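The following exercises concern aromatic rings, charges over rings, a chain interface and a loop residue. Please attempt each task before reading its solution.

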Amino acid sequence: MNLSQQHLSIATTCPYCGVGCGVKAVPQGPQSATVSGDVDHPSNFGRLCVKGAALGETLGLEGRLLHPQVRDDGQPGGTLRQVSWDEALDRAAGQWRAIVDEHGPDSVALYVSGQLLTEDYYVANKLMKGYVGSANIDTNSRLCMSSAVAGHKRAFGEDLVPVNYDDLENADMIVLVGSNLAWCHPILFQRIMRAKEARPDMKLVVIDPRRTATCELADLHLPVKPGTDVWLFNGLLAYLARGEAVDAAFIANHTRGLNDALASADITPEEVAKACRLPVEDVLAFYESFAATAKVITGFSMGVNQSSAGTDKVNAIINCHLVTGRIGKPGMGPFSITGQPNAMGGREVGGLANMLAAHLDLDKPEHRAAVQEFWHSPRIADKPGLKAVDLFQAIESGKVKAVWIIATNPMVSLPDADQVRRALSKAELVIASDVVRDTDTNAFAHVLLPALAWAEKDGTVTNSERRISRQRGFLPAPGEAKGDWQILCEFARRLGYDGFDFQHQSEIFAEHARLSAWRNAADALPRLFDIGALASLDRAGYDGLQPVQWPIGRRVFADHRFSFPDGRARFVPTVPRLPVNTAGGEYPLVLNTGRVRDQWHTMTRTGRAPKLAEHTPESFVDLHPQDALLCGVRDGELARISSQWGSMVARVRHGGGIARGSAFVPIHWNGQNASDARVGAVVNPVVDPVSGEPEFKHTPVMVERFPVQWHGFVLSRTPLDLDKVVYWTRAQGAGFTRYEMAGRNRIGDFGTWARELLGIADADADWLEYADRSAGVYRAVHIVDDRIAQCIFVSPRPDLPERAWLAGLFSTEALADAERAGVLAGRPLKQGADTGPTVCSCFGVGRNTICNAIRDKDLKTTAEVTACVKAGGNCGSCVPEIRQLLAQMRVPA
Amino acid sequence: MKPALVVIGNGMAGMRTVEELLALAPDLYDITVFGAEPHGNYNRILLSPVLAGEKSVDDIMLNTRDWYEANGIALHAGDPVVHIDRRRRIVRSQSGHEVGYDRLLIATGSKPFIIPVPGHELPGVLAFRDIADVESMLSAAHDHRHAVVIGGGLLGLEAANGLLKQGMEVTVVHVTDALMNQQLDKPAAQLLQRALEARGLKFMLEAQTAGIVGPDRVTAVRFKDGTEIPADLVVMTAGVRPNIELAKSAGLHCERAIVVDDTLQSYDPRVYAVGECVQHRRATFGLVAPIWEQAKVCAAHLAGAGHRRYVQQASPTRLKVTGIELYSVGDFIGAEGSEDLVLRDARRGVYKRLVLDGPCLVGAVLYGDVQDGPWYFDLIQRGADISAMRHQLLFGPALAA
């Protein structure tokens, strides 16, 4: 790197999970940049996970929405017309205004996203609650951490996360509940991993129905029966209250309600073991270590939050920390780990339907008055708005007639997603602001507004430890795209509202900071969230802002003062209850959903990086082999997963981590990259009564065979039209697109069929083929100028060759004779060169390479594997898998 | 005094049998050999490279006159046997020479089939069978320009290629719509035709020769549809007929050829026969591999070590045209219920087809890349069950192992 490039290095933050890692980006021309970890950022100290490290691969403009568009015919999927910003906004604002005038402010809604920057979020919230006059603004954070918010408010009187990242390094015991940290928050997991390497006595307990990659490092894994966490933590509370770990002084001086909580937690370890389907000795081992370890952190994530008892689960956990006084001190506390980059920022500005702004409450008149006064706004919402699931039901029922969806894709992410389809087709006005042109949701938009993407937008985000970081744009705005706050402000001005004359995002931040300090005094409306000190930042100060954690310069609850007027924390009685819909009868399995290691949300960004597609190129349903047998499905074949609400199709996999009675499907796939893999369509629309967070982790389903005539895959430099193929999934490769397919049609003449599918009209095309007609096996490769252009492999069974070697040929300038001879075999004709499925995405190291090295060189540790074949040496996300391989290879063959 | 063995035919089949016999029982017989051609024994298969100028006649000699002398064999080259007297156990040659036998081995081979169209006896009309034919063709190539080869089988194509190499303009006339239809399926035949066309050969398929035209030497070939093409040389390669007149006249049982049993013995227990002139079960023979096997079996019986039986086996074919790789073995068309595996790489000029019958490989046609031919041949011969490696089979032994 030369000196001038060094000067261009821009510090920003990663747009994926809630860890909020610092990233250094060096622009390389208008649409590309090299990306590395920011060694000065206190979240990650220079490390990045595989997704963050691949950010540079996601910056191209293919598929970007670059100009405002309107859909004149109003039909879903109908033709879009490019228009000017003025025309688009006039139309959006005009129709919005007409609807509000006729049906009142509650007939419109905003549905926003934890992907927004704090400034965008602030403006959206201000617009709805202070000017439109409705609290109908909800966010996809509802699907993610609203149970944690509700739990915090019930226990602490304010939405506060009382743990810092460096507490993880100081803890003697970490309990992870419903969190596959190794895959979903890899940098935090690595901080724990390194701490544990330095201090092997440090304990890690993982509570998760699945045996995830996180469990590879655990001293104890408790595979609880899905939905039974409250039993487990109630049992722990009862156990702690009986023993010596109880902190009587803390309870007496700083809490209320222990007795009520204990009354609802009257359960013995034996009963817990039975309810949670765990061995009683494991339950006791967990309870004993928890009791014996003062410095304990209980980290929790979606496995806790996404439940019809999510808020109770959060409080059951917090209760255990309160009864032992393990809060507000280094190395301990309950720790909500958020899923989105700026879910926390959204919480600070109050961007949810049941919040106001700056940790002020919608249901308190004095809070409402304070905010309205601060804003000088014409009105203020005075009752909670519709939460995500209710909102889309209200759209379907016609109560809400206009919705503006910003930076999110509810057609994919909401439960009962087919209901969302019905709702959006019915809405009078759907506005969508997005960076991507084609999404399942945008197909329903009447007005499409191009927003700035990660590399271009500029503002602040807050991570899981309440650290505010600047996200800085480093690439020019493409096309006519604008920042979300700009779009919102222009829209607001068209509605005739003042208060939106911001010239720069720093002005919004300053107003937001001022609001956090507004009337924030012990004798007025005290909140711990106070960043008033940052309100005086000028533009240069804002631009240069270094990561800063609030409360500034102090630890949350260090003084044991909580945010209720009496300063005491609350024990919340949590009566255990089963998930709303239990498995049985027609729907015997419990569907769990979650992420895979190398993808993010609906894959609009991560899906573009070839490196990230290799780990899991296709959606799957992970089942216990015995359940698979009962359902009549087999590993590698396709299955339909159906619930009462909807269905999807995915490939059956036996990952080895699933207990009997459960099934797991990843959340990422959608109508843009798969024929029928939206798990949202299957998930039950049941929500937690307090937080409104949907129960994504517990839907009764049935799994049955999805019969097909043939399985196949295509790797192609040019995109294919797969309308006629009953099952397909698309994944981005390096220089090609990969399609996994299956069909129900009987193929007569394979050659003609394949050429038509691949769009080859030239009869003299360089076309290699292999046919075993009676066995239904067909393979063909299309070569252009000595380079592989396309290949197709078809078989009646999913016994197709590995894609890795063929994929590698797409980067070859000219095929060597030996390679050409091997293409139809799908592997080099010389033995031994097949590296197997990718394990380490960073260095592209395959499973076979690793296994061979372990065997040949007798490797014993992951460090030795890394030293030998590099795998695991960069982001470390694959270390658990390497550990597994090491364990497997130890078993004598 | 030793028993006498008389061999009629100084070709590859007869002499291989003698060689095998000498290896088993060097001093058992007084051996006398009669041959029609005035040479020692040579490798007839290699006449094509001689015609193409890639080899000389000396290169293809198998047994020189010295060899006969050294092994005490009386050789009458250029003096064919014209009569067998089985009662007296005597053979008489064209020159009137009579030799008595205790055992007689007939290895008279075959003779080319000359299509009996008008003009077939004109000068300039040749077969492609022996050194004399090659010499005539070489001299015609020196003096003339237009050659027509009638018969697009293995031999015809080799002849055509040789003549082309000798500078002639060559047209191959073939009666069916695909070349080498005895050994190739249509796709392979088309690839072959394209490759040969690229070298300058011309082809007329589905063409029926009506006559050979010329006043005192051939000048043209006429077809049934009336068209004519100029020809200064016509080579007939439309198949061969077993050479059995002598055996027939001796009263030996013949059908299409001399009928022999599994020991290569004719209906007269003193008379054996090997090579292209025999019929074993329903089959006659043209390729070298089964004939080598016959020689081995026959020699064993002549040596008195009579434990071998001749068993028919598929034999592979290769075309000896430099630069064209072609391999065909077994049942390459397939019967009802058989299955096939096909690989095509037109740009690289590769075509492979394997024919399966149940779990066994029964035939293979390889074009362009023939290196796995022997492996397939082995699988066919062994009757190996290939079902487990069916999907790797076409990619060769490295993947299937």
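**Exercise 1.** Determine which residues ring pairs link into a cluster with A:Phe233, and classify the pair A:Phe286 and A:Tyr287 by its geometry.

*Solution.* In this predicted model, the cluster joined by ring pairs consists of A:Phe233, A:Tyr239, A:Phe286, A:Tyr287 and A:Phe290. Over all chains, the count is 29 aromatic pairs. For A:Phe286 and A:Tyr287, begin with the ring centres, which are 5.7 Å apart; pairing requires centres within 6.5 Å. Next, take the angle between the planes, 50 degrees. Planes under 30 degrees apart would count as stacked and over 60 as edge-to-face, so the pair is tilted. Both A:Phe286 and A:Tyr287 are buried.

**Exercise 2.** Identify the ring over which the charged end of A:Lys126 sits, and the ring whose face A:Arg744 lies over.

*Solution.* For A:Lys126, the ring is that of A:Phe500, with the charged end 5.4 Å from the ring centre. For A:Arg744, the ring is that of A:Phe706, and the distance to the ring centre is 4.2 Å.

**Exercise 3.** Describe the interface between chain B and chain A by its area, its residues and its polar links.

*Solution.* Start with the area. The size of an interface is often given as the accessible area lost when the parts come together. Here the two chains bury about 1800 Å² between them, and 47% of this lies on carbon and sulfur atoms. Of the area that chain B buries against chain A, B:His391, B:Phe395 and B:Leu399 supply 35%, more than any other three residues.

Then count the residues: chain A contributes 24 residues to the contact and chain B contributes 16 residues.

Finally, consider the polar links. There are five salt bridges between the chains, as well as eight residue pairs in polar contact. B:Arg347 forms a salt bridge with A:Asp766, with 3.8 Å between the closest N and O atoms. On the side of chain B that touches chain A, β25 (339-345), α10 (390-393) and α11 (397-400) of chain B each supply at least two residues. The most comes from β25(B), with seven residues.

**Exercise 4.** Is A:Val246 buried, partly exposed or exposed, and where in chain A does it lie?

*Solution.* The relative accessible area of A:Val246 is 29%. Buried requires under 20% and exposed over 50%, so A:Val246 is partly exposed. A:Val246 belongs to the loop between α9 (229-242) and α10 (248-254) of chain A. Beyond its neighbours within four places in sequence, A:Val246 is in contact with A:Leu240, A:Ala241, A:Ile251 and A:Val323.

Terms used: Residues are numbered from 1 along each chain as its sequence is written. Chains are lettered from A and ligands numbered from 1 in the order in which they are written. This is a predicted model: local features need pLDDT of at least 70, side-chain atom pairs count only at pLDDT 80 or more; totals for chains, interfaces and linings use all residues. Side-chain values use heavy atoms; hydrogens and water are left out. Rings of Phe, Tyr and Trp (its six-membered ring) pair if their centres lie within 6.5 Å; planes under 30 degrees apart count as stacked, over 60 as edge-to-face and the rest as tilted. Buried means under 20% relative accessible area, exposed over 50%, partly exposed in between (1.4 Å probe, protein chains only). A charge sits over a ring if NZ of Lys or CZ of Arg is within 6 Å of the ring centre and within 35 degrees of the ring normal. Contact means heavy atoms within 4.5 Å. Buried area is the accessible area (1.4 Å probe) that two parts lose on being put together, summed over both. A salt bridge is a side-chain nitrogen of Lys or Arg within 4 Å of a carboxyl oxygen of Asp or Glu. A polar contact is a pair of N or O atoms within 3.5 Å; within protein, one must be able to donate a hydrogen and the other to accept it, and residues adjacent in sequence count only if both atoms are side-chain atoms. Helices (H or I, at least four residues) and strands (E, at least two) are DSSP runs, numbered from the N terminus.
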